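Hi,

Here is the structure I promised to pass along. Have a look through it first, and then read my notes on its charged pairs underneath.

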Amino acid sequence: MKYQIAVAVVTAALAIVANAQAAETRCGWIENPTPANWWLEDAENTWTIMTQGDDADAVEGMELIPDISEHDYVKTNGNYGYACACMSVETDGNERITKILSFRQLKLAQCRADKALKFPG
């Protein structure tokens, strides 16, 4: 009986670990061109964070992104624009950021110097 309980506990623990999302560090252009539209463009992909009018797309951790206009930033549309950032995130592995774990805004020069990044806009 003790053996069966131990096997069940180990099996459950392995299932939890297998289903856990792994944090990824993504660095590139954080873009907010219009209200409630956010994405991160890194060397691999354009990652959708949020799109306007679709509340189902609300991403856990959005509150970790501060007002990017308070730091090194390019204004492109009224109060909207883009900046350079690194984020620790979970993704769907395809094109969406599903959870933001941390956010760090960088100098624009860092993204501008990265030849693997496509210039925003």
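**Salt bridges, starting with Glu24**

Glu24 is partly exposed, because its relative accessibility is 22% and the buried class stops under 20%. One caveat before going on: this is a predicted model. The side chain of Glu24 pairs up with Arg26 in a salt bridge, at 2.7 Å from N to O. Arg26 itself is buried, since its relative accessible area is just 9%, under the 20% cut-off.

Arg26 has another partner too: its side chain forms a salt bridge with Asp42, at 2.8 Å from N to O. That contact links distant parts of the chain, as Arg26 is in strand β1 (residues 24-32) and Asp42 in strand β2 (residues 38-42), 16 residues apart. Asp42 and Arg26 are both buried.

These contacts belong to something wider: a network of salt bridges links Glu24, Arg26, Asp42 and Glu44.

Next, have a look at Glu41, whose side chain meets that of Lys118 in a salt bridge (3.6 Å, N to O). Glu41 lies in strand β2 and Lys118 in the segment after α2 (108-113), so this pair ties together parts that are 77 residues apart in sequence. And are the two partners buried or exposed? Glu41 counts as buried, because its relative accessibility is 9%, whereas Lys118 counts as exposed at 54%, over the 50% mark.

For the overall tally, searching the whole structure turns up 5 salt bridges, among them the Glu41 and Lys118 pair.

Cheers

Key
Residues numbered from 1 in each chain as written. Predicted model: local features only at pLDDT ≥ 70, side-chain atom pairs only at ≥ 80, totals over all residues. Heavy atoms only, no water. Salt bridge = Lys/Arg side-chain N within 4 Å of Asp/Glu carboxyl O. Buried < 20%, exposed > 50% of the residue type's maximum accessible area, 1.4 Å probe, protein only. Helix = DSSP H or I, 4+ residues; strand = E, 2+ residues; numbered from the N terminus.
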